[in-house]
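Dear colleague,

I am handing over the structure below, and after it you will find some notes on what was found. Please keep it open beside you while you read.

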Amino acid sequence: MSRIAYLSTYIPKKCGLATYTHHLRQSIRAAKGWKGVDPVLAVTDAADTLPAADPAVWLLAKGEKAAYRKAAEKLNNSDVSVVSLQHEFGIFGGEAGRHVLEFVRHLDKPLVTTFHTVFEHPQEPYRSIQQELAERSDRIVVMNQRAVGYLQKAFGVLESRIRFIPHGTPVPLQGARETFRREAGWTDRKVLMTFGLLGRGKGLEMVLRALPAVVREVPETLYAIVGQTHPEVRRHEGEAYREELQEMVHSLGLGGHVVMIDRYLDEPELVRHLMACDLYLTPYPGMEQITSGTLAYAVGLGRPVLSTPYSYARDLLQPHGELLIPYGDEAQWSSRIVKLLTEPGSLQQWEQTIEEIGAGMRWPQVGREHLELFREAAEELPVRQAT
């Protein structure tokens with residue numbers, strides 16, 4: 001059985017990439033149907049809580065450039081058949097995460113790189129890093145079909161080397177929704193929800209400004225903002241942003257219509273909250289965002305959604321343009337939410353539509369697709385010589 005090594009952040013670090021890699025590793029192990037354990041090179045810094053003792057989790061010091069070469073050499077001398085690099089610019093050391101190039105330059109195992117960020121028009125310092133990663137990767141995984149064209153146009157990557165595989169999501173628990181609504185105290189509410197590490201640039205202020213008009217038409221509306229403040233945000237400004245949102249809630253008279261769940265939810269609790277909500281929102285203002293784990297989770301769990309038309313939302317929700325609303329058009333956001341919450345059968349109809357989209361995004365299927373790709377890389381591609 002081919003062994004796969006993963007390079008990424010890893011649990012218990014509280015970040016989306018760490019969680020993603022954990023579930024990818026689990027789903028591939030299940031697809032293999034074996035009891036072996038694939039190793040993880042877990043990128044850590046001084047502020048991280050170290051993973052629990054696990055001989056298969058190898059720590060890589062984020063800021064130590066030489067550590068990346070040593071990690072590559074360790075894998076070169078192991079029985080690993082293929083390496084899965086989960087790439088995001090912010091997780092590796094050096095300017096824009098440049099230290100990761102030291103790893104790929106010295107790796108002589110087949111390399112499959114998943115790009116969690118792809119720019120349509122890449123600029124420095126990101127462009128040269130991503131170009132070298134693309135050139136040195138034997139296969140590339142993207143979670144947005146638009147990213148295939150971006151990589152072809154920007155870096156000349158052959159389409160045959162790029163594989164679109166959806167962002168993985170949990171499997172919904174059938175028949176449990178009403179139980180979860182009772183547990184959350186949401187039985188008699190129409191619940192809108194956004195989750196994720198809290199920070200500026202998520203568009204939450206826009207939803208709050210749109211909410212009074214919704215509440216006038218649907219008094220039982222509740223907007224649940226779920227998640228603790230991002231550790232980097234807290235390090236630089238404490239809870240100032242959360243306090244600003246709380247002041248908005250007070251000034252808009254929304255005290256009984258907004259709840260902020262200020263903690264990091266583990267996976268089972270997050271699934272319960274998502275399944276209990278009526279409508280999931282991603283009001284992000286940045287239109288180039290190529291992936292969104294939060295939107296993927298909501299769709300994979302079959303929840304109706306509304307979103308701004310950023311890149312990932314356009315790709316995932318095509319051809320359902322009525323679910324995409326421009327950022328800043330508060331009147332349209334209000335009216336669309338009211339329509340979904342009041343029209344008989346509207347939410348149920350969208351549940352069926354979203355369920356069809358989400359069916360191919362769940363971890364068992366995504367794990368099988370990755371395993372097929374990794375086996376292809378391990379079996380068909382020659383071992384490269386590190387440079």
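Let me begin with a pocket, bearing in mind throughout that this is a predicted model. The lining of the second largest pocket includes the run Pro172, Leu173, Gln174, Gly175, Ala176 and Arg177, and it is completed by Met275, Leu301, Gly302, Arg303, Glu351 and Glu355. By residue type, this lining divides into 5 nonpolar, 3 polar and 4 charged residues, and the space within the second largest pocket comes to about 200 Å³.

Next, the division of the chain. The domain assignment gives domain 1 as residues 4-168 together with 363-379, and domain 2 as residues 176-359. To the contact between them, domain 1 brings 19 residues and domain 2 brings 16 residues. The C-alpha centres of the two domains lie 29 Å apart, while the area buried between domain 1 and domain 2 is about 1500 Å², with carbon and sulfur atoms giving 49% of that area.

Finally, a single residue to look up for yourself: where does His167 lie? You will find His167 in the loop that runs between β7 (162-164) and α6 (177-184). Is His167 buried or exposed? His167 counts as buried, because its relative accessibility is 8%, and the cut-off for buried is under 20%. Leaving aside residues up to four places away in sequence, His167 touches Tyr20, Met143, Gly293, Ala296, Tyr297, Tyr312 and Met361.

With best wishes

Note on methods
Residues numbered from 1 in each chain as written. Predicted model: local features only at pLDDT ≥ 70, side-chain atom pairs only at ≥ 80, totals over all residues. Heavy atoms only, no water. Helix = DSSP H or I, 4+ residues; strand = E, 2+ residues; numbered from the N terminus. Buried < 20%, exposed > 50% of the residue type's maximum accessible area, 1.4 Å probe, protein only. Contact = heavy atoms within 4.5 Å. 1 Å grid on protein atoms, 1.4 Å probe; cavity = no way out; pocket = protein on both sides within 12 Å on 5 of 7 lines; lining within 4 Å. Points joined across faces, edges and corners; volume = space filled by probe spheres on them. Nonpolar A, V, L, I, M, F, W, Y, C, P; charged D, E, K, R; others polar. Domains from an automatic or database assignment. Buried area = accessible area lost by both parts, 1.4 Å probe.
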